[in-house]
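Student: I have a model open and want to learn to read it. Where do we start?
Tutor: With the strands, then the parts that touch.

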Amino acid sequence: MEQEKNLSEIKLENDALVKKIGGEFFMIGRRCKACGSVSLLPKAVPVCHNCFAEGQIEEIPLSKRGTIFSYTVQNIVLPGFAGPSPMAYIALPEGLKVFALLTECEPYEEKLKVGGEVEMTVKKVYKDKEGNDVFSYMFKPV
Amino acid sequence: MRDVYVIGIGDTKFGKTDMNIRQLAEEAVWKALKDANLKQPDLQVAYCGYGISGNLDCTRIVAGQVALKEIGIRKIPIMRVESACASSSAAFREAWICVASGLYDVALAFGMEKMTHLKSIDVLDRGIGRTIEQELETNYGLLPFGMFGVVVRRRMHEYGMTMEQVAKVAVKNRKHASMNPIAHFQKEITIDEVLNSYPVCDPIKLLMFCPASDGGSATILASEDFIKKHKGNIPIKVATSVLTSGTYAYDSTLTNFQAGIDAAKEAYEKSGLGPDDIDVAEVHDACAAAEICHYENLGFCAEGEGGLLVEKGETALGGRIPVNTGGGLLSRGHPLGASGCAQINEIVQQLRGQAGPRQVEGAKVGLAQCWGGFMQMDGASLFINIFTK
């Protein structure tokens with residue numbers, strides 16, 4: 001299981017977005033202590049995109065459970081990705097929607113539905129041009 | 001700010017061609033000069049727009065200067081601008097600012113793209129797939145197809161939009177294109193053909209997406225002072241030219257695009273016109289479903305009712321508000337950098353009364369809306385130009 005591997009053993013797409021805390025993978029968000037808004041990408045400068053507060057950004061682990069806000073199945077994928085691939089925007093309790101591939105879910109399964117509950121896991125997302133497996137967050141129906 | 005007029009337009013045939021990207025631009029610019037009854041030295045400034053041709057080995061740097069030198073347009077400021085699908089809308093707006101500000105009297109905007117010389121997967125990997133947010137979307141597998149896929153699913157869930165309605169947009173735009181000699185696809189299609197085409201991205205089918213095309217388009221703008229002294233084709237006034245970028249709020253409704261809503265509001269405020277004043281519109285239908293979103297953004301109907309608008313035929317030629325009379329990106333074709341000016345040129349033909357079999361009778365006000373790039377569920381660039389006779 002990918003989840004049991006150490007971080008050092010796998011190549012992550014972006015190691016600022018997935019971290020291991022207490023032996024478990026979490027997605028990491030950037031929360032502004034001033035306005036509470038949560039964003040994802042690490043910034044070069046500690047400023048909030050929403051209220052412009054400075055020095056108030058803290059990293060937080062995001063909830064592992066969310067719901068499918070909308071989904072699709074792409075039958076055409078970029079080189080290195082597996083297809084056809086179910087994918088979705090996942091609504092998280094922190095108030096943000098995250099794009100992610102879905103896993104443990106076939107393209108036309110009943111569990112692939114708007115409002116369906118999903119849980120974050122870490123899996124192989126694609127194979128890079130050098131042939132390395134690249135891992136990151138994905139969501140699986142629960 | 002001064003009033004600005006479009007005085008010349010030119011388009012190549014869109015589709016697959018042996019011409020290189022420089023030649024595509026040359027032909028479009030040459031036609032625009034002829035249409036405007038101008039000579040090369042009359043142009044005082046030029047803006048060139050292309051999106052992905054640099055990624056596709058067609059051109060690398062100073063593409064605007066490269067495109068204009070062989071036809072004798074030299075010794076003027078020439079700048080390249082980029083805004084993905086809306087690159088020549090960006091060129092047009094910069095040219096408009098140049099003339100409106102009083103700095104120049106005659107400005108050229110043009111755009112071109114070369115897309116059919118590589119395999120589709122390479123165009124996707126190196127070009128089209130790079131027009132959306134990379135770090136949070138493309139790197140995790142999302143392509144523009146999937147972006148439209150999630151919007152369509154959400155709209156079906158929220159508004160009961162049907163795939164028959166989406167298919168009807170494609171059928172309508174193809175019918176319009178059948179009357180447009182520059183269109184990439186001119187053979188009419190049926191709803192069944194659209195619904196039974198390859199499922200690119202569930203639930204969206206191949207014929208609901210625009211093709212990759214080669215093409216060039218050019219538009220010449222001038223001040224009122226200039227047109228008073230100049231004899232050319234019928235000038236069409238630019239009522240407003242608006243550009244905005246997205247909100248990227250991480251909490252989009254996914255049923256529509258905030259930048260599209262914001263740009264429409266601003267365009268109507270600045271022009272003093274409203275949705276009821278628009279006689280004909282060109283909108284960014286890279287996916288047939290996006291056209292339905294744009295009906296709502298532009299106020300042609302209420303939010304959620306766009307599907308009904310096309311179902312009732314109101315946006316077809318002969319309907320209440322004909323949309324994409326040139327065939328849209330879906331059927332005129334979509335050479336990214338050329339589409340912005342091509343949309344504007346279609347509206348100019350309509351307002352001049354020179355659109356031939358596609359003519360919207362008595363059209364006095366036209367709108368061209370172009371969308372470039374997508375990030376975190378919103379448009380990266382959203383252009384709206386409104387024109388009056």
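Student: In what order do the strands of the sheet in chain B run?
Tutor: Read a sheet from one edge to the other. In this predicted model, the order in chain B is β3-β2-β4-β6-β1-β7-β10-β9-β8. That makes an open sheet of 9 strands, with mixed pairing.

Student: Which strands stand at the edges?
Tutor: Look for a strand with a single partner. Here these are β3 (78–81) and β8 (280–282) of chain B, so each has one side without a neighbour in the sheet. From one strand to the next, the twist averages 25°.

Student: How does β3(B) pair with β2 of chain B, parallel or antiparallel?
Tutor: Parallel. Strand β2 (residues 45–49) of chain B is joined to β3(B) by 4 bridges. To find your place, go to B:G49, which stands opposite B:V81 in β3(B).

Student: What does helix α13 of chain B lie across?
Tutor: For a helix on a sheet, ask which strands it crosses and at what angle. Helix α13 (residues 336–352) of chain B lies across several strands, among them β1, β2, β9 (365–375) and β10 (378–388) of chain B. It runs at about 125° to β4(B).

Student: Which domains does chain B have?
Tutor: A domain can be built from separate stretches of chain. The assignment for chain B gives domain 1 as 4–118 + 214–237, and domain 2 as 134–209 + 240–388. Taken over C-alpha atoms, the centres of the two domains of chain B are 23 Å apart.

Student: How many residues are in contact between these domains of chain B?
Tutor: Count each side separately. Domain 1 of chain B gives 38 residues, and domain 2 of chain B gives 32. On the domain 1 side, β1 (4–11), α3 (87–100), β4 (106–113), β6 (215–223) and β7 (236–244) of chain B each supply at least two residues. The largest share there, 7 residues, is from α3(B). By type, that side has 18 nonpolar, 14 polar and 6 charged residues.

Student: Now the other chain. How many residues does each chain bring to the contact?
Tutor: Chain B brings 28 and chain A brings 30. On the chain B side, α4 (120–127), α5 (144–159) and β5 (201–202) give two or more residues each. The largest share, 7 residues, comes from α5(B). This side of chain B divides into 14 nonpolar, 7 polar and 7 charged residues.

Student: Which strand of chain A pairs with β5(B)?
Tutor: Strand β6 (residues 65–74) of chain A. The two pair in the antiparallel sense over 2 bridges. Find A:V73: B:D202 in β5(B) stands opposite.

Technical notes
Residues numbered from 1 in each chain as written. Chains lettered and ligands numbered in written order. Predicted model: local features only at pLDDT ≥ 70, side-chain atom pairs only at ≥ 80, totals over all residues. Domains from an automatic or database assignment. Contact = placed C-beta atoms within 7 Å. Nonpolar A, V, L, I, M, F, W, Y, C, P; charged D, E, K, R; others polar. Pairing = 2+ DSSP bridges. Axes fitted to C-alpha atoms, helices over the stretch in contact; angles between N-to-C directions.
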